[in-house]
Amino acid sequence: MSISPVLMQRDGGSSPSPSKLRRRVIVVAGATLAAAIVVLAALLGISIASDGEVSVLIWTLGSDRLAGLAVIAAFASLALGLCLTPVSRSLLLLLLPARLVAVTATCIAGSAWFLTSGATVVQLVSAGCETGYVVEEEAFLLAGWGTVYRTDGVLVTAVERTGGDDGYRPFEDGAYAVVDDGDSLRVWYTFNFDYSAAPVATDRDPDFTLPKLTDRSVSCGVTTGTRTPLLIRSTASPFAIDEARAGLEEMVVASLAAAVGPVHTATGDPIDPNELAAVQSACGENDARLGIAIEFTTADNAASLAQILQTWDTAGYSSDRAIQEDIRYSDILPIERMSIRDSTTIDGLIHMQITTQCSEPR
């Protein structure tokens, strides 16, 4: 059986040859490299022209992340072009190191970008209306920080800095309050994660003040995204302070007894739970609560954490979880809140805090 030459030509012409495909890929890589260079030049030009005050923000991608993407694209395009460009054998030995450097640089740039690309951006809202400001927040390990920007399209100007404890992002959580004074916006926010999601108090000096922007139209009916409380408290009768103290001492002893091996302080001294002194603080109008905060190390911190949590669960406390922190709580038992965090990789310690209910000092 013979095959028509015409059919052979059609079959052969249905897809480009490897050399043509290679040239197309090289052209695309070159165009991508040129586009990346243009983006980097534009970002650099904006920064220089504004003495570093103005940057670009597109969705959650600021100038630094856009530049990072451009660098990744540039290295990847360069590596692809170097790997696909045909050269003679005499030049191959010279080109191999350049290929290796380009591929390695692409991997390093990509890894660095993904490790630092967890920023969130939210509108700063006052009385349900946009203010013309946004807050970009980032977190890494136990650190949390943010930048307040005035927006002008995709161009933004940094006007304030914010912070958060233990990687907390208060503006993303809606844990802030804005008061419009006519000419300015006074802003308060919660530095620490509040598991009860209580409203932010405004009876102190504001954390920062922003000029009110009147040169633009803003949308209203916007929510701050405030989360609902993780815990709704009951109206159970308070304990007497002596009952609360006994419950506190019992839970401290049980918690440390559940740890694996001997329990020591950061300096290596053994911890005797009977020698730990509770700190008393005021609550309500005339009541008080007791609390103990302990930092300790054990023979196996991970196993100790699991066994302490099991002890708390067995005692009847409800479970919750915050950022890098396990929580147990109750409205009807002597202890209101217990929290524990294993920071072995940072300081080698377990951090534990136990707080009683607000109790009557009778």
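**Exercise 1. Classify R65 in this predicted model as buried or exposed, and find its salt-bridge partners.**

Step 1. The relative accessible area of R65 is 4%. Buried means under 20%, so R65 is buried.

Step 2. The side chain of R65 meets that of D64 in a salt bridge, with an N to O distance of 3.6 Å.

Step 3. This pair belongs to a network of salt bridges that links D64, R65, E136 and E138.

Step 4. For the wider setting, a search of the whole structure finds 13 salt bridges.

**Exercise 2. Determine which parts of the chain the salt bridge between R216 and D152 ties together.**

Step 1. The N to O distance between the side chains of R216 and D152 is 3.1 Å. A salt bridge requires the nitrogen to be within 4 Å of the oxygen, and this pair is a salt bridge.

Step 2. R216 sits in the loop between strand 9 (208–211) and helix 5 (241–257), and D152 in strand 5 (residues 143–152), so the bridge ties together parts that are 64 residues apart in sequence.

Step 3. R216 is partly exposed because its relative accessible area is 26%. D152 is also partly exposed, at 39%.

**Exercise 3. Carry out the analysis for K212 and D180, which form a salt bridge.**

Step 1. The closest N and O atoms of K212 and D180 are 2.9 Å apart.

Step 2. K212 is in the loop between strand 9 and helix 5, while D180 is in strand 7 (residues 176–180); the pair links distant parts of the chain, 32 residues apart.

Step 3. The relative accessible area is 34% for K212, which is partly exposed. D180 has 37% and is partly exposed.

**Exercise 4. State the strand order of the sheet that contains strands 1 to 6, and identify its edges.**

Step 1. The order is 2-1-6-5-4-3 in an open sheet of six strands, with antiparallel pairing.

Step 2. Strand 2 (61–62) and strand 3 (120–126) each have a single partner strand, so they stand at the edges with one side left without a neighbour in the sheet.

Step 3. At one of these edges, strand 3 pairs with strand 4 (residues 129–140) over six bridges, in the antiparallel sense. Within strand 4, E137 stands opposite T120.

**Exercise 5. Describe the sheet with the order 10-11-15-14-13-12, and the helices that lie on it.**

Step 1. This is an open sheet of six strands, paired antiparallel.

Step 2. Its edges are strand 10 (279–283) and strand 12 (318–322); each has a single partner strand, so one side of each lacks a neighbour in the sheet.

Step 3. From one strand to the next, the twist averages 20°.

Step 4. Strand 13 (residues 325–329) and strand 14 (residues 335–343) run antiparallel and are joined by four bridges. R328 has M338 in strand 14 as its bridge partner.

Step 5. Helix 5 packs on the sheet and touches strand 10, strand 11 (287–296), strand 14 and strand 15 (349–356), its direction making about 15° with that of strand 11.

Step 6. Helix 6 (residues 301–314) lies across strand 11, strand 13, strand 14 and strand 15, and runs at about 165° to strand 14.

**Exercise 6. Locate T355 and list its contacts beyond four places in sequence.**

Step 1. T355 lies in strand 15.

Step 2. Its relative accessibility is 18%, so T355 counts as buried.

Step 3. With neighbours within four places in sequence left aside, T355 is in contact with R289, L290, G291, I335, E336 and R337.

Notes:
Residues numbered from 1 in each chain as written. Predicted model: local features only at pLDDT ≥ 70, side-chain atom pairs only at ≥ 80, totals over all residues. Heavy atoms only, no water. Buried < 20%, exposed > 50% of the residue type's maximum accessible area, 1.4 Å probe, protein only. Helix = DSSP H or I, 4+ residues; strand = E, 2+ residues; numbered from the N terminus. Pairing = 2+ DSSP bridges. Axes fitted to C-alpha atoms, helices over the stretch in contact; angles between N-to-C directions. Contact = heavy atoms within 4.5 Å.
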